[in-house]
Amino acid sequence: MDEKRTPPPVDYAERAPRAPEGAFDLPGLFASPGEIEIDVGFGRGASLFARAAVAPEARVLGIEIKTKWATKVHERARRLGLDEIRVLAGDARDILARAEPEGCVRRIFVHFPDPWWKKRHLKRRVVGDEFLDAAARLLVDGGEMFIQTDVPDRAEIYRDALLAHPDFVLAGPDGWLEENPYAAPSNREDRAAHDGLPVRRLLGLRRSRDEGPASGG
Ligand SMILES: C[S@@+](CC[C@H](N)C(=O)[O-])C[C@H]1O[C@@H](n2cnc3c(N)ncnc32)[C@H](O)[C@@H]1O
């Protein structure tokens with residue numbers, strides 16, 4: 001009899017690449033040294049692969065909470081032999097807070113972090129104090145925090161959060177950038193460009209540790 005069988009569902013939660021328990025050595029995730037960059041919530045992963053292509057010196061860690069995308073992008077990177085890409089599944093706030101050592105990351109990209117853009121979902125947002133505290137600990141002095149979104153009021157909220165944080169300053173006169181300077185567009189960025197949606201882009205810099213805490217303003 002010609003029985004058609006549906007393959008069993010893939011257990012992505014089981015297969016997804018996970019961070020080690022507790023504190024872990026972030027540079028040790030990579031086979032060779034380089035400038036560490038982190039792509040937070042990479043979704044389908046276009047920005048990770050594009051960044052690895054244009055910045056061969058970069059060691060790019062992608063962190064994605066959806067186990068399906070984390071697994072697919074991880075397996076694709078392994079298939080392509082891209083040792084400069086590492087993927088971890090989980091909440092970026094938790095993973096960054098456990099990564100060591102302090103000051104080992106050059107850049108953090110947060111491309112379109114707004115799956116829940118309604119006002120009542122504001123509390124779920126990734127870019128808040130907990131995230132910025134963990135990011136500031138990991139970034140080198142002068143390290144870059146790049147955030148872009150097509151949700152205009154969220155862009156203002158992220159800018160206010162960077163401004164209010166004692167370890168960040170805005171780049172340039174006001175933090176806003178016209179273009180993505182990293183030549184590695186994300187999937188949502190490509191779609192926004194295709195649909196003609198305006199995108200707001202923001203660059204914050206990790207304040208030098210020698211300066212001491214911000215005096216406010
Ligand atoms: C709107 S999508 C953008 C995806 C991709 N960055 C892009 O620009 O195409 C937001 C992504 O962030 C992920 N995300 C949301 N909260 C997260 C968290 N706490 N840690 C890691 N990823 C998260 C979501 O699963 C989703 O893939």
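**Figure 1. Pairing of strand E2 with strands E3 and E6 in the predicted model.** Glu35 stands opposite Ala58 of E3, and Glu37 stands opposite Val60 of the same strand, E3. These residue pairs belong to the contact between strand E2 (residues 35-40) and E3, which runs in the parallel sense over 6 bridges. From E2 the chain passes through H2 to reach E3, in a β-α-β crossover that is right-handed. E2 also pairs with E6, again in the parallel sense, over 4 bridges. In that pairing, Asp39 is placed opposite Phe109 of E6. Strand E2 is mostly covered, with 5 of its 6 residues buried.

**Figure 2. Strand E3 and its surroundings.** How many residues of strand E3 are buried? The count is 7 of the 7 residues (residues 58-64), so the strand is largely enclosed by the rest of the structure. Ala58, Val60, Gly62 and Glu64 point one way from E3, while Arg59, Leu61 and Ile63 point the other way, and all are buried. E3 pairs with strand E4 (residues 85-89) in the parallel sense over 5 bridges. Within this pairing, Glu64 lies opposite Ala89 of E4. A right-handed β-α-β unit is made by E3, helix H3 (residues 67-79) and E4.

**Figure 3. Salt bridges formed by Glu37.** Side chains of opposite charge can pair when their charged atoms come close. The side chain of Glu37 meets that of Arg51 in a salt bridge, at 2.7 Å from N to O. This pair links distant parts of the chain, with Arg51 in helix H2 and Glu37 in strand E2, 14 residues apart. Are these two partners buried or exposed? Buried means under 20% relative accessible area. Arg51 has 8% relative accessibility and therefore counts as buried. Glu37, at 0% relative accessibility, therefore also counts as buried. Glu37 forms a salt bridge with Arg107 as well, in which the closest N and O atoms are 2.7 Å apart. Here too, distant parts of the chain are linked: Glu37 belongs to strand E2 and Arg107 to strand E6, 70 residues apart. Both Glu37 and Arg107 are buried.

**Figure 4. The salt bridge between Arg154 and Asp114.** The side chains of Arg154 and Asp114 meet at 3.3 Å, N to O. The pair links distant parts of the chain, 40 residues apart: Arg154 is in helix H6 (residues 152-164), and Asp114 is in the loop between E6 and helix H5 (129-138). Arg154 has 2% relative accessibility and so counts as buried. Asp114, at 1% relative accessibility, likewise counts as buried. Elsewhere, salt bridges that share partners join Glu35, Glu37, Arg51, Arg106, Arg107 and Glu144 into one network. The structure holds 17 salt bridges.

**Figure 5. The largest cavity and its lining.** The model contains 1 cavity of 30 Å³ or more. The space in the largest cavity amounts to about 40 Å³. Which residues line the largest cavity? They are Asp39, Ser47, Arg51, Val60, Phe109, His111, Tyr182 and Ala184. Helix H2 (46-54) and strand E6 (105-111) are the elements that give two or more residues to this lining. By class, the lining comprises 4 nonpolar, 2 polar and 2 charged residues. Several of these lining residues also feature in the views above. Asp39 and Phe109 stand opposite each other in the E2 and E6 pairing, Arg51 is in a salt bridge with Glu37, and Val60 is opposite Glu37.

**Figure 6. The largest pocket.** About 700 Å³ of space lies in the largest pocket. Of the 27 residues lining this pocket, Gly41, Gly43, Glu64, Phe112 and Pro115 are the closest to its centre. The elements that give two or more residues to the lining are E2, E3, helix H4 (92-98) and helix H7 (187-195). Which element gives the most to the lining of the largest pocket? H7 does, with 3 residues. The lining has 11 nonpolar, 7 polar and 9 charged residues by class. Glu64, one of the residues closest to the pocket centre, is a buried residue of E3 and stands opposite Ala89 in E4.

Notes: Residues are numbered from 1 along each chain as its sequence is written. This is a predicted model: local features need pLDDT of at least 70, side-chain atom pairs count only at pLDDT 80 or more; totals for chains, interfaces and linings use all residues. Side-chain values use heavy atoms; hydrogens and water are left out. On a 1 Å grid over the protein atoms alone, a cavity is a set of points where a 1.4 Å probe fits but cannot get out, and a pocket is an open set with protein on both sides within 12 Å along at least five of seven lines; lining residues have an atom within 4 Å of a point. Grid points are joined across faces, edges and corners, and a volume is the space filled by probe spheres set on the points. Ala, Val, Leu, Ile, Met, Phe, Trp, Tyr, Cys and Pro count as nonpolar, Asp, Glu, Lys and Arg as charged, and the others, Gly among them, as polar. Buried means under 20% relative accessible area, exposed over 50%, partly exposed in between (1.4 Å probe, protein chains only). Two strands pair if DSSP finds at least two bridges between them. A crossover is right-handed if, with the strands pointing away from the viewer, the path from the first strand over the helix to the second runs clockwise. A salt bridge is a side-chain nitrogen of Lys or Arg within 4 Å of a carboxyl oxygen of Asp or Glu.
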